[in-house]
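Trainee: Before we begin, could you set the model in front of us, so that we can work through its backbone and burial together?

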Amino acid sequence: MNILYCGDDKTEDGLLISILSLLDAVEEELHIYILTMERAPRVPVSDRAAEFLDRKVKEAGEENFVKKIDVTELFDRQPPTANMETRFTPYCMLRLYADQVPELPERILYLDNDVVCRTVGGSRKKAGQPDSLLDFYYQDMEDWELAGVPDYYGKWFFSSRPFRRDYFNSGVLLLNMKKIRQTGLFEQCRVRCAEKKMFMPDQSALNKLSERKKRMPRRFNEQRKLHSDTVLQHFTTSFRFIPWPHTLTVKPWNTELVHEKLKLHEYDDLLAAYQSLLPQMKGEIAA
């Protein structure tokens with residue numbers, strides 16, 4: 001299974017949790033790629049963090065790997081000029097440069113670093129079992145650029161037609177890189193991000209320009225509340241109305257808030273493993 005993440009050093013905690021969840025959830029070789037770059041004042045994912053994560057996945061199988069790829073040159077060649085000052089950092093847009101990275105495979109699953117893969121009943125999911133991540137990953141994508149799940153809120157406001165619900169959340173995307181390179185989807189998105197300021201720039205560009213989007217069930221990118229069939233849970237910002245209307249943002253590395261605010265104990269074993277390994281990773285980064 002090929003996995004793609006993007007980000008700077010601020011994503012390292014999330015990468016650790018998300019990757020640990022994949023190791024727990026699937027019996028499959030994991031080939032994990034991290035796109036990052038130099039962009040002051042932010043700094044890229046560190047070599048030592050990538051090396052730590054690589055060693056960790058290799059403990060589960062010597063064919064597994066984590067590979068950091070610096071795309072600074074690609075970004076500087078075609079920056080998203082109109083969207084450099086939005087609330088979303090330029091690192092969020094690095095996935096739009098994936099078509100220019102030849103070593104990325106033709107099928108790859110993009111995940112935000114706040115996405116956790118869930119096990120059911122304490123056992124790993126295998127291909128052929130209901131709602132398996134592998135079944136999602138290996139679905140037929142020949143005629144599709146990407147597969148994803150409608151955005152929980154955006155589908156009501158940004159879809160191309162009322163009630164069509166075709167505005168996807170970009171935190172979980174199964175990418176057909178061969179098709180994307182053929183259609184020039186990412187190239188078109190980069191041009192749009194350079195020329196037009198948008199809310200959630202790369203997500204908006206992908207939804208506007210992709211003509212071959214495959215809609216998948218909510219369980220493959222649960223953005224609101226854990227359900228019994230959830231496969232991938234995405235810890236996004238949500239709206240709450242009790243005791244007053246407000247937004248709530250809790251990330252999986254905010255372990256105390258996961259319990260206190262979300263009342264969620266589904267991932268206690270995962271978060272305990274994360275808390276055990278985090279000091280080791282931070283120590284190696286700082287050394």
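Mentor: Here it is, and please keep in mind throughout that this is a predicted model.

Trainee: How far apart are the end C-alpha atoms of helix H1 (residues 12-25), and what span should its 14 residues have?

Mentor: Helix H1 has 14 residues, and at 1.5 Å a residue these should span 20 Å. The expected span is 1.5 Å times one less than the number of residues. The distance in the model agrees with this, because the end C-alpha atoms of H1 are 20 Å apart.

Trainee: How many of the 14 residues of H1 are buried?

Mentor: A residue is called buried when its relative accessible area is under 20%. By that criterion H1 is mostly covered, and the number of its buried residues is 13.

Trainee: Which residues does a cis peptide bond join, and where is the proline found?

Mentor: Most peptide bonds are trans. Here, however, omega is about 5 degrees, and the cis bond joins Ala 40 and Pro 41. Pro 41 is found in the loop between strand E2 (31-36) and helix H2 (47-60).

Trainee: Is Met 200, in the loop between helix H7 (185-195) and helix H8 (201-209), buried or exposed?

Mentor: Most residues other than glycine have a negative phi, whereas phi of Met 200 is near 50 degrees, a positive value. Its relative accessibility is 17%, and therefore Met 200 counts as buried.

Trainee: And is Lys 263 buried or exposed?

Mentor: Lys 263 lies in the loop between helix H9 (255-260) and helix H10 (268-286), and its phi is positive, near 55 degrees. Because its relative accessibility is 64%, Lys 263 counts as exposed.

Methods
Residues are numbered from 1 along each chain as its sequence is written. This is a predicted model: local features need pLDDT of at least 70, side-chain atom pairs count only at pLDDT 80 or more; totals for chains, interfaces and linings use all residues. Side-chain values use heavy atoms; hydrogens and water are left out. Helices (H or I, at least four residues) and strands (E, at least two) are DSSP runs, numbered from the N terminus. Buried means under 20% relative accessible area, exposed over 50%, partly exposed in between (1.4 Å probe, protein chains only).
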